[in-house]
Amino acid sequence: MPSPWIVDRRTFLSQTSGAVGASLFGRLPLEATAGQATTPVTDDWDRGSVRHLLPSVSDSTMLLKVSFEEAVSSTPRLRVGSTTLDGHMNDTAGEHWQFYVTELEPDRSYRLALVSSEGRSLCEPWDLRTFPSITSQPERLRILFFTCAGGVSGSYDGIGVRQGFLPANIRNRLLRRALSFRPNAAVANGDHMYWDLHQWRGDDDGTLSRNGELSNFDFSSLVLGTNNETALKAAAGPQIVPVYGVDFRSTPVFFIQDDHDHWENDAASDKIVNFPIPWFQLQLARTTQQLYYPEFLSDSQRPMGLPWSTSTVRGDLSESFGTLRYGRLAEVLLYDVRRTLSLAGPTAVFVDAQVERWLLDRTRSSDVTHVVHAPSNPLGWTAGKWGEWYPDVLNAERTGLTTAVAKPYWQEGWLRQHDRLAAVLAEQRERAPLVISGDLHAIGLGRMQRSGGVDMSANPMTTVLSGPVGTAPRSWPSGSRGIGATPSEHIDLEELAAPVEQHGFTLVDFFSDHMEVQLFKWDVNSEPVEALDRLEPFYTTDVTPSA
């Protein structure tokens, strides 16, 4: 008998683009990979008409982002235990919906079911658990960390020959291996998509990129309800939907945005400085988040007045600054360093002053065992890029980094903020300082002993590059800049697992007296795809306070 949740399916391009999309995109590379935009069938769970499903939770709230194979003409509903609530439409076509659930009990598994307005099942029911209350004492927590999962699906012959970003189905397979270790939550740290609208290298920097030309965006118009909405979906959807599909339905996931999620690279020249991000790209970034992945839920220890935090019909949410709080065991501070970036010389910041105050206050707090920082830009390493904490820049011979010459357009205040954060992390004698970053297309681990004038040797800060999921050959730092992730001259960093440019992820286990960090990697150039299903950590270390 056919499953009651099976429905007719169409490819992503025909759903989101139609005649308008075809006229806009013509030879757009997405057409060649449209089939890969269909959600992969990865287990026996019947997704029915659901194309992708990404949840986030706190101890009392759930937020789900869902898209359907076809536009839904009447409001879908979510059953949560014995409660049923209406969805909120996030686009103008009825393809993208969200469900915001409040007043839930902590540390409880809820049975969820998506149904039509008439009560017809839209997919198979599933379970999702809330986090423990902030006053509870859980014994253990496991979190999955990764970065750079975006990119238009490329090609790969299975024996090392590939073009473009890792194919979406292989990224999905890598993440399914990560999920097999049963993390309680996941942190996707930046670069969920790549569709830079302007050139940032060579003689044409500042002009529209090929992607910018193909998308044919009207920069003077709104995003939703216009051809811009169609163009956004056609660019962003195939980079997100097939990578995650419905595999994370029972694993809360926290998405931090970075530079490419704002539809630009962090670049600066005499012709263009991409950040602070222009208004139109900002609207693209906000709409992409609204359609595809959850914002950060409210937290009683995080001020609601932080930038890009709102209380609306869509809930008490923050777009750029979040918290993963798991009882009194662990608190992970999640922050995007691009959204509030300023260009003010010695007083410039990556994160707004109010955000910095929140980070410092929570780092000094005594109501939680472990406090972890998860910024979108790494602490510890540099590739000489403009939008980094550090002043290091490629030398004239392009053989290494130097601070002997000034990095054009770089702001001294960024480094000052870095050292203020490092100083407070170093003060935490009862805790082991841990920072897990994104962005740099590598996986590795080191212990920071000094940052400028800040002596951290009494309780060194462990810093981790969490591992990229979808990186293209030209996106490795060594491929695009001629140099890999390198410790800044501003710090003393002991590289316990020197960064490697391979795809991978990080698992962190939290216990009452220590943390355990496991690094996983897969070499696309030497290992078969089947090796993804057997990945084991290549490096493991305990992180314990020195006191």
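These exercises walk through salt bridges, helices, a sheet and one loop residue, each with a worked solution.

The model is predicted, so local features need pLDDT of at least 70 and side-chain atom pairs count only at pLDDT 80 or more, while totals for chains, interfaces and linings use all residues. Residues are numbered from 1 along each chain as its sequence is written, and side-chain values use heavy atoms, with hydrogens and water left out.

**Exercise 1. Find the partner of Lys-65 in a salt bridge, and place both residues.**

Step 1. Start with the rule: a salt bridge is a side-chain nitrogen of Lys or Arg within 4 Å of a carboxyl oxygen of Asp or Glu. Side chains of opposite charge can pair when their charged atoms come close. The count by this rule is 29 salt bridges.

Step 2. The partner is Glu-295, and the closest N and O atoms are 3.1 Å apart. Lys-65 sits in strand S2 (residues 62-68) and Glu-295 in the loop between helix H6 (279-292) and strand S14 (296-297), so the pair ties together parts 230 residues apart in sequence. Helices (H or I, at least four residues) and strands (E, at least two) are DSSP runs, numbered from the N terminus.

Step 3. Check the cover. Lys-65 and Glu-295 are both buried. Buried means under 20% relative accessible area, exposed over 50%, and partly exposed in between (1.4 Å probe, protein chains only).

**Exercise 2. Decide whether Asp-367 and Arg-325 are buried or partly exposed.**

Step 1. Asp-367 and Arg-325 form a salt bridge at 4.0 Å, N to O. Asp-367 lies in the loop between helix H7 (353-364) and strand S19 (370-375), and Arg-325 in strand S17 (residues 321-326), 42 residues apart.

Step 2. Asp-367 has 21% relative accessibility, so it counts as partly exposed. Arg-325 has 7%, so it counts as buried.

Step 3. Now take another pair. Asp-492 and Arg-450 meet in a salt bridge of 2.9 Å, N to O. Asp-492 belongs to strand S28 (residues 491-500) and Arg-450 to strand S24 (residues 443-451), 42 residues apart. Asp-492 is partly exposed at 37%. Arg-450 is partly exposed at 26%.

Step 4. Salt bridges can also join into a network. One links Asp-258, Asp-266, Arg-338, Lys-385 and Asp-439.

**Exercise 3. Work out how many residues of helix H3 are buried, and what they pack against.**

Step 1. Helix H3 (residues 168-179) has twelve residues. Its first and last C-alpha atoms are 16 Å apart, close to the 16 Å expected at 1.5 Å a residue. The expected span is 1.5 Å times one less than the number of residues.

Step 2. Nine of the twelve residues of H3 are buried. Among them are Ile-170, Leu-174 and Leu-175.

Step 3. The buried residues of H3 pack against strand S9 (141-146), strand S10 (155-156), helix H5 (227-244), strand S29 (503-510) and strand S30 (515-522). Contact means heavy atoms within 4.5 Å.

**Exercise 4. Give the strand order of the open sheet of four strands, then find how H6 packs on the sheet.**

Step 1. The order is S1-S2-S6-S5, with antiparallel pairing. Two strands pair if DSSP finds at least two bridges between them. The edges are strand S1 (50-57) and strand S5 (88-89), each pairing on one side only.

Step 2. S1 and S2 pair over seven bridges, in the antiparallel sense. Leu-53 stands opposite Val-66 in S2.

Step 3. H6 packs on the sheet and touches S1, S2 and strand S6 (96-101). The direction of H6 makes about 90 degrees with that of S2. Axes are lines fitted to C-alpha atoms, for helices over the stretch in contact, and angles run from 0 to 180 degrees between N-to-C directions.

Step 4. Twelve of the 14 residues of H6 are buried, including Phe-280, Leu-284 and Tyr-292.

**Exercise 5. Locate Ile-483 and list its contacts.**

Step 1. Ile-483 is in the loop between helix H9 (477-480) and strand S27 (486-487). At 11% relative accessibility, Ile-483 counts as buried.

Step 2. Leave aside neighbours within four places in sequence. Ile-483 then contacts Ala-383, Leu-394, Gly-400, Leu-401, Pro-477 and Ser-478.

Step 3. Compare Ile-483 with Gln-289: they are 194 residues apart in sequence and 32 Å apart in space, C-alpha to C-alpha.
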